[in-house]
Amino acid sequence: MSEDRVEVRRTAKLYVGGEFPRSESGRSYEVHSADGRLLAWVARASRKDLRDAVRAARSAQPGWAGKTAYNRGQILYRVAELMEGRRAQFEMELADAGASDPRRGVDAAIDRWVWYAGWCDKVHQVLGGTNPVAGPYFNFTIPEPTGVVGIVAPPDQSLLGVVSRLAPVIVSGNTTVVVASEKAPLPAVSLSEVLATSDVPAGVVNVLTGLTRELVPWLAGHMDVNAIDVTGVPDDLLKQVEELAAGNVKRVHRAPEVDPFSPGAQSPYEITALMEMKTVWHPIGA
Amino acid sequence: MGDATDIEKRETGTPEETPPWEYAPAPESTEVVHLRDRYDLFVGGRFVEPKSGRYFTTINPATEEPLAEVAEAGEEDVNLAVRAAREAFEERWRDLRGKERAKFIYRIARALQERSREFAVLETMNNGKPIKESRDVDVPLAAAHFFYYAGWADKLEYAFPGRTPRPLGVAAQITPWNFPLLMCAWKLAPALAAGNTVVLKPASTTPLTALLLAEVIEQAELPPGVVNVIPGPGGKTGEWLARHPDVAKIAFTGSTEIGKVLRRSVAGTGKRLTLELGGKAANIVFEDAPLDQAIEGIVNGIFFNQGEVCCAGSRLFVQESVFELLLDKLKARLDTLRVGDPLDKNTDVGAINSRDQLEKITELVQSGIEEGAEIYQPDCVLPERGFWFRPTLFTNVSQSHRIAREEIFGPVLSILTFRTPEEAVEKANNTPYGLSAGIWTDKGSRILWMAERMKAGVVWANTFNRFDPSSPFGGYKESGFGREGGRHGLQPYLHLDGGAA
């Protein structure tokens, strides 16, 4: 290769229904590195894009939940495999975002996928159960996915943060619409490219880039979103988000504030926080 | 539709083949209940007059006679109750060893068992529900809930693997009028076992058994302030309580409408919240179901507690091939239901809890007639005083009718049909609610297939309206979030700190 070869730059697009559209609005916004370089013009999703993403997530949900837990586990493990193969790109993006130790961030993000992937076929055993009711009935409780979950990714920890919110949500069979970190969206964009090539079915994860304050209230008020992870919602926006979430009694979850690299940052209770416990009764008789 | 707008004038059914069974009156004695003229607030371990200075009258909905005057908690009373609960939490309850907390809760369970008849009769007098239900369901289950959760108090570290549970603080609990005592038990038992203290606001039409429970708690010598009971209207007392800054957790059972109001009012405060809201449950009968058993399940599903049940099976879906047969059987069964004096031990359907609720039911039933559904009501004689509504069936119901979409919270069943299991799933889930569902079929694989697809927190297969303290209960979608009952019912009352390494 000659030294004067011109680099091919990537267009950072939305990820909706397994495809990579630009915003239907034609809008984009500038994303800069921590040291001020222009990194990219990133799609600025509109309300219509958000609705499209919710529709894609809703359509994909029964199929994703209907896969066997073993199969979901293998698919999510494969996400880790493919991230490992693209780690140079993720490290570069984390460095651009100002991470002090990009390698550590990528390691932790990949390991988090592996950890959660293994929960797919265990969470029901550990956190469901049978109940000894006082009567001739067999009674059991199983956790089930709640449906479509909106995720507001943490603004910092632009890779580990989004993986730590996303993995526990989809482990159980939920599908999602993720609002990426506004100031450092590129790791989430790259993650969507990994997801697109890793057997995660189209629509299971949809990633929107854009302005947090614009997108989040639309997400919180959407009547076909069952739950919202507000870990990345700015404090002064939380009240409005929770008020909007009341419209269809959304589940609102916020991850505990812990060091994202610590063991406490991953938990099966993060999985069940966005699941429903279903209890089934049946008589016992000859 | 014609001019048939007056429900009372509608054609009513007549038992055709068998003459109605004659029942002699079998009234339960009220001697066991010693009503006071006046009930005060229970705050800080004793009964105190309300700072508000206000009392309201609580009545027997079956007679409209006043039963007692009950203190109404004003804003200052709410503040005092929360302060008492906060102090009790910090100074005593939080640090009391689990095994000692357990013993206090066991005492409550035992006292409920010992005074069970008194509680049952008082519940029936204040709520209007049949004595056989308060006696056989509400009170024994309430005692069982305390007994079950008492045993968790010293075993919390086993409930949540890998976590170190901690209580939250003061729990505000707002209970409904349909199962007044039982809902107090569902709320208090896990909260206390987890080490929280409580301010409980019972429903304003049915405060008496909650206040009798307060007396039991006083006699059980729980540390003062661990449980406080402050009756009052939801829109005022409940709202003040939920908004109080020292409240860490709110547990509410009631309508979806009020649940949303409550959700908005605590938005952004970081308070923990669980909501157990309305329902519009599908009860689905397949052609291979044991029909006579299913009839009993349908009747239990919608007429238990006059249908004033959030998980009532208010939408019946019948496979087309057995629709006519099932409808005939159901009508015949309806004709045998005994509606009337709730204190009579033979009564199946008692009084509606309040005039407001009766008006709401009447209005929705009227809408069913106006929208073109076909009504059937048995020809039963209703008492002259009190609030009554005949057991009611609607056929020719479309999914868009209000009676198929809105929670009626009364003895009114909307009947629809389906052809295939897929269609049953589609129609059953076609509601913003998701509390419960019923499935009737002899085919095991179909039960599990259907159960998997129901968007509902509780699925009863070949049974309906079963409850147990070890069995989690709560909704999907707009029926609320969080579970009450079982191991899962502890979680809303605990911080789960720390992770496994």
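**Exercise 1. Find the partner of Thr176(A) in β7(A), then place the pair in its sheet.**

Step 1. Thr176(A) has Val205(A) as its bridge partner in β7(A). The model is a predicted one.

Step 2. Go from the residue pair to the strands. β6(A), residues 175-179, and β7(A) are joined by four bridges in the parallel sense.

Step 3. Add the helices on these strands. Helix α7 of chain A, residues 186-196, packs on the sheet and touches β6 and β7 of chain A. The direction of α7(A) makes about 155° with that of β7(A). Helix α8 of chain A, residues 212-221, also packs on the sheet. This helix touches β5, β6, β7 and β8 of chain A, and its direction makes about 155° with that of β6(A).

Step 4. Now take the whole sheet. It is open and has five strands in the order β7-β6-β5-β8-β9 (chain A), with parallel pairing. At the edges lie β7 (205-208) and β9 (251-253) of chain A, each paired on one side only. On average, neighbouring strands of the sheet are turned by 15° against each other, direction ignored.

**Exercise 2. Describe the surroundings of β5(A): which of its residues are buried, and what are its bridges to β6(A) and β8(A)?**

Step 1. Check burial, taking a residue as buried if 20 or more other C-beta atoms lie within 10 Å of its own. Five of the five residues of β5(A) pass, and the strand is mostly covered.

Step 2. Sort the residues by side. Val148(A), Gly150(A) and Val152(A) point one way, Val149(A) and Ile151(A) the other way, and all are buried.

Step 3. Follow the pairing with β6(A). Five bridges link β5(A) and β6(A) in the parallel sense, and Thr175(A) in β6(A) is the bridge partner of Val148(A). Between these two strands the chain crosses through helix α6 of chain A, residues 160-171, in a right-handed β-α-β crossover.

Step 4. Follow the pairing with β8(A). Here β5(A) has three bridges, again in the parallel sense. Gly150(A) has Ile228(A) as its partner in β8(A).

**Exercise 3. Work out which elements of chain B touch chain A, and find a strand pairing between the chains.**

Step 1. Count the contacts: 41 residues of chain B are in contact with 29 residues of chain A.

Step 2. Assign the chain B side to elements. At least two residues each come from α9 (256-265), α15 (444-453), β19 (458-461) and β20 (480-481) of chain B. The most come from α9(B), with five residues.

Step 3. Classify that side. It divides into 19 nonpolar, 13 polar and nine charged residues.

Step 4. Look for bridges across the chains. Strand β10 of chain A, residues 275-283, runs parallel to β19(B) and is joined to it by three bridges. Val280(A) has Val459(B) as its bridge partner in β19(B).

**Exercise 4. Decide where chain B should be read with caution, then describe the burial of α8(B).**

Step 1. Start with the scores. The model has ipTM 0.95 and pTM 0.95. Chain B averages a pLDDT of 95, and 95% of the residues score at least 70.

Step 2. Find the weak stretch. Residues 1-11 of chain B have a pLDDT below 50, with eleven contacts beyond near neighbours in sequence. Predicted coordinates should not be read in detail where pLDDT is low.

Step 3. Turn to helix α8 of chain B, residues 234-243. Seven of its ten residues are buried, including Trp240(B) and Leu241(B). Among the elements covering the buried residues are α1 (75-93), β8 (170-174) and α9 of chain B.

Technical notes: Residues are numbered from 1 along each chain as its sequence is written. Chains are lettered from A and ligands numbered from 1 in the order in which they are written. This is a predicted model: local features need pLDDT of at least 70, side-chain atom pairs count only at pLDDT 80 or more; totals for chains, interfaces and linings use all residues. Two strands pair if DSSP finds at least two bridges between them. Axes are lines fitted to C-alpha atoms, for helices over the stretch in contact, and angles run from 0 to 180 degrees between N-to-C directions. Two residues are in contact if their C-beta atoms, placed from the backbone, lie within 7 Å. Ala, Val, Leu, Ile, Met, Phe, Trp, Tyr, Cys and Pro count as nonpolar, Asp, Glu, Lys and Arg as charged, and the others, Gly among them, as polar. pLDDT is the predictor's confidence in each residue, from 0 to 100. A residue is buried if 20 or more other C-beta atoms lie within 10 Å of its own, exposed if 12 or fewer, and partly exposed in between; C-beta atoms are placed from the backbone. A crossover is right-handed if, with the strands pointing away from the viewer, the path from the first strand over the helix to the second runs clockwise.
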